[in-house]
Every structure is written in structure tokens, then in C-alpha cells.
Amino acid sequence: MSDWMPEAGTPPVSLSGEPDGPTGPEAGPGAAVPSHEPVEPAPLGVGRTPTGRAEVDALLERLADADHLPADGHTEVYEDVHRGLKDALTSLDARPAAAPGPPRPAPHP
């Protein structure tokens, strides 16, 4: 038993396992019956703003692949994009390769 009591005027809280409303014949005609079937994947409709860097923009577009996958397939796409973005950021810190110069003369003994 709990000592918790809702404040006056608050809607009742249903505990897990309790139906949220009337079910069965008392629900009335036309009452929506909840479905326990998974819904089909659908795009979230989140806009992507181009960054101007082709490599990064391609990775961000790859996120659209998750729109057509069930939720358990999103992880692979997110990890792939994360890895690519991390590599792109790391490449910004890399020093550019030294430009080849004229050959150095061999030291004289």
C-alpha cells in the first residue's frame, strides 16, 4: 500500500495492468481497439541543412536510410554515420603532408 495521494482535481492514474478506459461491451460501438501490431517504418520528416562539405553532407543524407528501417535497424545506420563524422572531424586535426622539396645533398664524410 502507498501513502501517496493525488492532489484534488488531478486525473486518476492507472496502474500497469489496468485498462485506461472501459473495454468490452461497455466500451460502446465504434470504440477504438488498441492494436498490438507494430506500425510500418515512416520518415520522421526532419530537414537536413547542407554543410558545404561533400563528405559530411553524404553522411547526413545516409541518416535517411533509417527512415525505411524498423527501429532495431537504426543502430547500424547511426553507428555508421557517427564513425564517418568522427573520421571527418579527426581529419581536420591532421597535419597536411609536407610538400616534397628539392633533394638534399648527401652529407660528406
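User: Before we start, what counts as a salt bridge here?

Analyst: A salt bridge is a side-chain nitrogen of Lys or Arg that lies within 4 Å of a carboxyl oxygen of Asp or Glu. Please keep in mind that the structure we are discussing is a predicted model.

User: Okay, how many salt bridges does the structure hold?

Analyst: The structure holds three of them, and R62, D65, D80 and R83 are linked through them in a network.

User: Which residues does R62 pair with, and how far apart are the closest N and O atoms?

Analyst: R62 forms one salt bridge with D65, where the closest N and O atoms are 2.7 Å apart, and another with D80, where that distance is 2.6 Å. Because D80 belongs to helix α2 (residues 71–93) and R62 to helix α1 (residues 54–62), the second pair ties together parts that are 18 residues apart in sequence.

User: And where does R83 come in?

Analyst: R83 forms a salt bridge with D80, with 3.5 Å between the closest N and O atoms. R83 and D80 are three residues apart in helix α2, so about one helical turn separates them.

User: Are D80 and R83 buried, partly exposed or exposed?

Analyst: D80 is partly exposed at 27% relative accessibility, and R83 is also partly exposed, with a relative accessible area of 45%.

User: Switching topic, how much space lies in the largest pocket?

Analyst: The largest pocket has about 160 Å³ of space, and its lining includes P38, V39, E40, D67 and H74.

User: What kinds of residues make up that lining?

Analyst: Nine residues of the lining are nonpolar, one is polar and two are charged.

Note on methods: Residues are numbered from 1 along each chain as its sequence is written. This is a predicted model: local features need pLDDT of at least 70, side-chain atom pairs count only at pLDDT 80 or more; totals for chains, interfaces and linings use all residues. Side-chain values use heavy atoms; hydrogens and water are left out. On a 1 Å grid over the protein atoms alone, a cavity is a set of points where a 1.4 Å probe fits but cannot get out, and a pocket is an open set with protein on both sides within 12 Å along at least five of seven lines; lining residues have an atom within 4 Å of a point. Grid points are joined across faces, edges and corners, and a volume is the space filled by probe spheres set on the points. Ala, Val, Leu, Ile, Met, Phe, Trp, Tyr, Cys and Pro count as nonpolar, Asp, Glu, Lys and Arg as charged, and the others, Gly among them, as polar. Helices (H or I, at least four residues) and strands (E, at least two) are DSSP runs, numbered from the N terminus. Buried means under 20% relative accessible area, exposed over 50%, partly exposed in between (1.4 Å probe, protein chains only).
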